[in-house]
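The exercises below ask you to read a structure step by step, each with a worked solution. Try each task on your own before reading on.

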Amino acid sequence: MSPQTTETDRTITLNAEWLSDCSGCHVAIVDLHEKILAVLQSVRIQHFPVLTDIKDYPKATIGIVSGAIRTEHDRQAAEAMRASCDLIIAWGSCAVYGGISGAGNLHAPEDLLKAVYTENKTTSPHPGPSREVSPLRPVVTPLDQVIDVDLYMPGCAPHPTLIFEALTALVEGRTPIATQESVCGRCTRTMQKTEVDCIRRPSEGLPDRELCFLSQGYLCMGSATLDRCMSPCPQNGIPCSGCAGATMRVLTEPNRDIRTEIAERMARLTSIPREAIVKEIERNAKTHYSYTMATAMIGEKPTFLIRQWLADAEADHD
Amino acid sequence: MVRMTLHERACRGCEMCVDICPTQVFSYDRERRIAVIDHEEDCIACLSCSYLCPSGALQHDDYPVVKNFYRDLEFTRKIEKFL
């Protein structure tokens, strides 16, 4: 891009919209910091809630949509974006997979409203909203269940470096570099075989700073998670929670699953039996599958039996 | 012939590829703590190492495609659009 680019050269127009999400994906675009100036040389930003106050949906070349489809408003906004944009990018794990809102699919919408408003144990009961707030749809879905999606950018939020690469590639008309490596690919912890024989909860003990979490008996989803983050969590003492979704092999091959992939590796690194690891992940499936359970790529796998796992966990607890 | 590539920066040094390879293609560099492709010519492209590798650091090229896995075509088309 030439620094001499003038206003009239900025032929690429950009709309963005946020649906049911935390807004972090849009903040990640703002996190391009001064690099955003390079993008702005070629792109004119229009409807973009975190940056502009344009309420309608002007015609645009590129449309960025983050967030899951949870409410009726989400669906309408997604359709308005599709109608106004030539190319739609599902932006962030919520739009690509349904994200953490997807865990709501384990309960009926009425039960969710009841738990939040009328039977909430930590505040005084109050009837749920009946006007001005969009009603919940029966299930949470990724964006591509309601509109056609041209490109997907997973990540929670996608790392600004990858956002910059994706946006500049689109502007320059080339294919962006998209790695298939997992979070382990950038983690610098040493993966080595140990004699650890039981799974440790995140609250138990203080993990070694240099050694792989799996080697220490802590569940870490890095080896089954696509790297769209540059591995900040394991590098800073927090096991990976799988926020960018599963690796491409897990997503495309129905016989592969997050829990068995992790268990296979962890059982080889430690003395913990593979079955015990699988069982532990199943017991906390709402946590370990929270980002991806709303997508058919994970949620409709023949091996994904979350309701049964949760019932088993409850029976064990009783 | 099968060509193998090991992305050294991504290799975590877990030695799992060394353990699982049925034809002893790999050796292990204890000093650098990474796997080394020693006998590429012996690779039978079973892809066991590549599937087990925690970081996705191993890549195979020019191997005969045997349809030994089931892949969802719709999801594969979707993955091609991943940025």
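## Exercise 1: two domains in one chain

In chain A, 21 residues of domain 1 are in contact with 15 residues of domain 2, where contact means that the C-beta atoms of two residues, placed from the backbone, lie within 7 Å. This is a predicted model, in which local features need pLDDT of at least 70 and side-chain atom pairs count only at pLDDT 80 or more, while totals for chains, interfaces and linings use all residues. Residues are numbered from 1 along each chain as its sequence is written, and chains are lettered from A and ligands numbered from 1 in the order in which they are written.

Task: state which elements of domain 1 of chain A give two or more residues to the side that touches domain 2 of chain A, and describe the residues of that side.

Solution. Begin with the bounds, which come from an automatic or database domain assignment: domain 1 of chain A covers 7-172 and domain 2 covers 183-317. The centres of these two domains of chain A, taken over C-alpha atoms, are separated by 27 Å. On the side of domain 1 that touches domain 2, the elements giving two or more residues are α4 (93-97), β6 (136-141) and α6 (160-172) of chain A; here helices (H or I, at least four residues) and strands (E, at least two) are DSSP runs, numbered from the N terminus. The most is given by α4(A), with three residues. Finally, sort the residues of this side of domain 1 of chain A: 12 are nonpolar, nine polar and no charged ones occur, if Ala, Val, Leu, Ile, Met, Phe, Trp, Tyr, Cys and Pro count as nonpolar, Asp, Glu, Lys and Arg as charged, and the others, Gly among them, as polar.

## Exercise 2: a helix and its buried side

Task: compare the length of helix α3 (residues 72-84) of chain A with its expected span, and find which of its residues are buried.

Solution. The expected span is 1.5 Å times one less than the number of residues, so the 13 residues of α3(A) should span 18 Å, and the 19 Å between its end C-alpha atoms agrees with this. Next comes burial: a residue is buried if 20 or more other C-beta atoms lie within 10 Å of its own, exposed if 12 or fewer, and partly exposed in between, with C-beta atoms placed from the backbone. In α3(A) the buried residues are Asp74(A), Ala77(A), Ala78(A) and Met81(A). These lie on the same side of α3(A), because they cover an arc of only 100° around the axis, the arc being that of the directions from the helix axis to the C-beta atoms. The face turned away from the buried side of α3(A) carries the exposed residues Glu72(A) and Ala83(A). Among the elements that cover the buried residues of α3(A) are β1 (12-18), β3 (60-66), β4 (69-71) and β5 (85-91) of chain A.

## Exercise 3: the partners of a strand

Task: decide how far β1(A) is enclosed, and say which way it runs relative to β2(A) and β3(A).

Solution. Five of the seven residues of β1(A) are buried, so this strand is largely enclosed by the rest of the structure. Two strands pair if DSSP finds at least two bridges between them. Three bridges join β1(A) to β2 (residues 43-45) of chain A, and these strands run parallel; here Ile12(A) stands opposite Val43(A). Five bridges join β1(A) to β3(A), again in parallel, with Ala16(A) opposite Ile64(A).

## Exercise 4: the second chain

Task: give the order of the elements of chain B, then describe the hairpin formed by β2(B) and β3(B).

Solution. Chain B has three helices and four strands, which run β-α-β-β-α-β-α from the N terminus on. Of its 83 residues, 25% count as buried. Four bridges join β2 (residues 26-29) to β3 (residues 34-37) of chain B, and the two run antiparallel, with Ser27(B) having Val36(B) as its bridge partner. Four residues lie between these strands in the hairpin, and Arg33(B) in the turn has a positive phi of about 55°. Asp62(B), although not a glycine, also has a positive phi of about 55°; Asp62(B) is found in the loop between β4 (58-61) and α3 (73-79) of chain B, and counts as exposed, with 9 C-beta neighbours inside 10 Å.
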